[in-house]
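User: I'm new to reading protein structures and would like to go through one step by step. Could you help me with a few questions?

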Amino acid sequence: MNDIFSNPVLARALPEAIMETLQMVGISAFFTVLIGLPLGVFLHVTAPGGLRPMPVTNRILSDVIVNITRSIPFAILMVALIPLARALTGTSLGPIAASVSLSIGTIPFFARLVESCLRDVHHGKIDAAQVMGSTNMQVISKVMLRESLPALVAAATTTVVTLVGYSAMAGLVGGGGLGKLAYNYGFQRFDVTVMIVTIVLIVVLVQVIQLVGERISRGLDHR
Amino acid sequence: MITVTDLRKVYRQGKMEVVALDGVTLSVPKGSIHGIIGHSGAGKSTLVRCLTLLDRPTSGSVSIDGTELSSVRDSEIRAARRRIGMVFQHANLMDSRTAAGNVAHPLELVKTPKDKIRTRVAELLKLVGLEGFENAYPSQLSGGQRQRVGIARALASDPEVLLCDEPTSALDPATTEEILDLIQDLTRRLQLTVLIITHEMNVVKRVCDSVSLLSRGRIIEHGALQEVAGELDSKLARALLPLPPSEPLHGALQRGPVLEILFSGESAKEPVLTGVARHFDMDLNVLAGSVETLGGQQFGHLRVQLAENADFDAVLHYLHERGISAKRVAADAAAAEEGAN
C-alpha cells in the first residue's frame with residue numbers, strides 16, 4: 001500500500017493525467033451531444049415514413065457518413081484524423097487535439113442511439129400532437145425529445161462511457177491522460193502499481209458516470 | 001355540423017391500387033352523436049386520418065359548418081385541425097407531462113398566455129371530473145382517468161367537432177359506461193358534433209343518435225338509431241338486436257313455420273303475441289328474442305315458432321296491420337345461419 005503513495009510517477013504525473021482524461025472526455029462529450037443530437041433527430045425525421053421524409057438526403061447521411069465512419073476502427077480513425085486535429089487546434093498533441101478525433105468518432109455512434117430513442121416514441125403520441133395542430137418543430141421539441149428524454153440521457157451516458165475507453169486509446173497517440181500513463185509506465189516500464197492504479201481509476205470514473213446517468217434518467221422517467 | 005361528401009381515398013401499393021374509402025357521404029348535425037361501426041379493415045382508420053387531415057383524401061370533401069377542410073392549403077392545415085378535437089383509443093397522453101400539462105399542450109402550441117392556460121386547464125379538468133388530479137402523471141392514473149384527460153385535451157382548443165376513435169375499446173365495462181356518459185353529457189352541454197368510430201355495438205346502442213355501417217370503404221346502411229333498428233332486414237338491426245344462440249333453425253323448421261318479428265316504439269308495448277294466439281286460436285313458441293331500449297324507444301326482436309298447420313299469410317297480415325314488421329324464416333336462411341356459425 002505504501003508503494004502507491006511513495007511511487008514517484010503517481011505523485012508527479014497522476015493528477016495531470018486525470019485532468020487530461022477529464023478534459024478529453026468533457027470536451028468531446030460536449031461536442032458529441034451538440035452535433036450528434038441534431039444529427040440523430042435529422043436522421044429520424046427524414047427517414048421514410050418520418051415527419052418530413054427526405055429519402056436522398058437521408059440515404060446519404062445514414063449510409064455514407066454515419067455507417068462509413070462507424071465501420072472504421074477507432075484506433076485507425078484517430079490516426080487518420082490527426083491532420084484535421086492539427087488544422088483545427090494548431091497542434092496534434094494534447095487532450096484538446098485528441099478531442100477532435102474523439103468527437104468525430106463518437107458523433108455517429110450517438111446519433112444512431114438518438115435515432116433509436118426517437119423511434120421508440122409511440123406513434124400515437126405524434127398523431128395526437130399533429131391533430132392538435134403542432135408544427136413539425138413543435139412535434140420534435142415537445143413530443144419526440146421530451147418523451148424520449150430518459151432514454152436520451154441513458155444514451156448519452158453510454159456514449160460518455162465509450163468516450164472514456166476511447167480517450168485511453170487516444171492517449172497512446174499523443175492525447176495524454178490516464179491511457180498514456182498506463183501505457184508509458186505500466187506497459188513500457190512494467191510498473192505494475194501504475195497500471196493497477198490507472199485501471200482502478202478508469203473503472204471508478206466509468207462507475208460514477210454510469211451511476212449519475214442512471215439517476216438522472218430515472219428521475220426524468222414518469223412512465 | 002360536419003358534412004362528408006363522396007370521400008375517396010386510394011392508396012398505391014407498388015402497381016396495385018387499394019381503395020380504402022370508396023365514396024363515403026355522411027352528415028352529423030350539431031349537438032348529436034353519430035356512430036360509425038365496421039369490422040377491422042372496413043376503412044375506419046383511413047376515415048379518421050382523412051377527417052383529421054393526417055392524410056389527404058384522394059377526392060371528396062370534409063366540411064365543418066360550411067367551411068371546407070379537405071382542400072385547405074398546407075399553411076392553414078394546422079388551424080383547420082384545431083377545429084376537430086380527437087379522442088384516441090389509448091388516450092395517447094404524453095408520459096412526461098402531468099394531467100394539467102397534457103391538457104395545456106394544445107394551448108401552448110398557439111402561445112396562449114400562462115395565466116389563461118392555468119384557468120382554462122382547471123376549467124377543463126373540472127368539466128371531465130378530474131379536479132385535484134392536476135399534478136398526477138398518466139402512469140398514476142387509471143385507464144378511465146387517462147381517457148378523461150384525453151377528452152379534456154381534445155376540448156382545449158374549443159373544437160366544434162369531437163372525433164372519438166374507439167374511445168372505450170381499451171376500457172372495462174363499468175369505465176366504458178362512465179366515459180360514454182361523459183361524452184354524451186359534454187355533447188349536450190357544449191353543443192358538440194360528435195363522431196364515434198367503434199367496432200362495439202354496445203357503444204352505438206348506449207349513446208349514438210344515428211349510425212352508419214362502414215364496409216369495404218362504403219357506408220352500406222345509415223340512419224337514425226330508431227329507423228335502422230326498426231328495419232327487419234337491415235344488418236344494423238341484426239347487430240343492434242341480436243338473437244341469442246338458440247336451437248339450430250333447421251330443427252325448428254321441421255316442426256312448423258318460423259316467424260321473425262320486430263317490434264318498435266308503440267307496438268312494443270302491446271301484447272301482440274298473445275293477440276295472435278287468441279285471434280288464431282293456436283299455440284306459439286318463442287325460440288329466441290332480445291329486447292332493448294334504443295334512442296329512448298323500446299325494441300323487440302323475436303323468433304317465434306308457429307303451429308304446423310298455421311295460416312302463415314293470415315298471421316303476417318295480422319301483424320303488418322298493427323305496424324309490426326315480420327317475415328317468414330326460410331330454409332335457405334337457416335342454411336346461411338349455420339354457415340355463419
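User: Which residues does Leu195(B) touch, not counting residues up to four places away in sequence?

Analyst: Happy to help! This is a predicted model, where local features need pLDDT of at least 70, side-chain atom pairs count only at pLDDT 80 or more, and totals for chains, interfaces and linings use all residues. Residues are numbered from 1 along each chain as its sequence is written, while chains are lettered from A and ligands numbered from 1 in the order in which they are written. With contact meaning C-beta atoms, placed from the backbone, within 7 Å, Leu195(B) touches Ile2(B), Val28(B), His34(B), Ile36(B), Val161(B), Leu163(B) and Cys164(B).

User: Which helix gives the most to the largest nonpolar core?

Analyst: A nonpolar core is a set of buried Ala, Val, Leu, Ile, Met, Phe, Trp, Tyr and Cys residues joined through C-beta atoms within 7 Å; buried means that 20 or more other C-beta atoms lie within 10 Å of a residue's own. Of the 136 residues in the largest core, Val103(B) and Leu195(B) touch the most other members. With 13 residues, the top contributor is helix H6 (residues 94-119) of chain A.

User: How do helix H9 and helix H11 of chain A run against each other, roughly parallel or roughly antiparallel?

Analyst: Helices here are DSSP runs (H or I, at least four residues), numbered from the N terminus. H9 (residues 149-175) and H11 (residues 192-220) of chain A pack at an angle of about 170°, with their axes 8 Å apart; axes are lines fitted to C-alpha atoms over the stretch in contact, and angles run from 0 to 180 degrees between N-to-C directions. Angles over 145 degrees count as roughly antiparallel and those under 35 as roughly parallel. Therefore H9(A) and H11(A) are roughly antiparallel.

User: Which strands stand at the edges of the open sheet of chain B?

Analyst: Strands are DSSP runs (E, at least two residues), and two of them pair if DSSP finds at least two bridges between them. The sheet has four strands in the order E12-E13-E11-E14, with antiparallel pairing. An edge strand has a single partner, so one side is left without a neighbour: that describes E12 (285-294) and E14 (325-328) of chain B.

User: Which residue is the bridge partner of Val291(B) in E13(B)?

Analyst: E12(B) and E13 (residues 297-305) of chain B pair in the antiparallel sense over nine bridges. In E13(B), the partner of Val291(B) is Gly300(B).

Terms used:
A residue is buried if 20 or more other C-beta atoms lie within 10 Å of its own, exposed if 12 or fewer, and partly exposed in between; C-beta atoms are placed from the backbone. Two residues are in contact if their C-beta atoms, placed from the backbone, lie within 7 Å. Angles under 35 degrees count as roughly parallel, over 145 as roughly antiparallel, 65 to 115 as roughly perpendicular and the rest as oblique.
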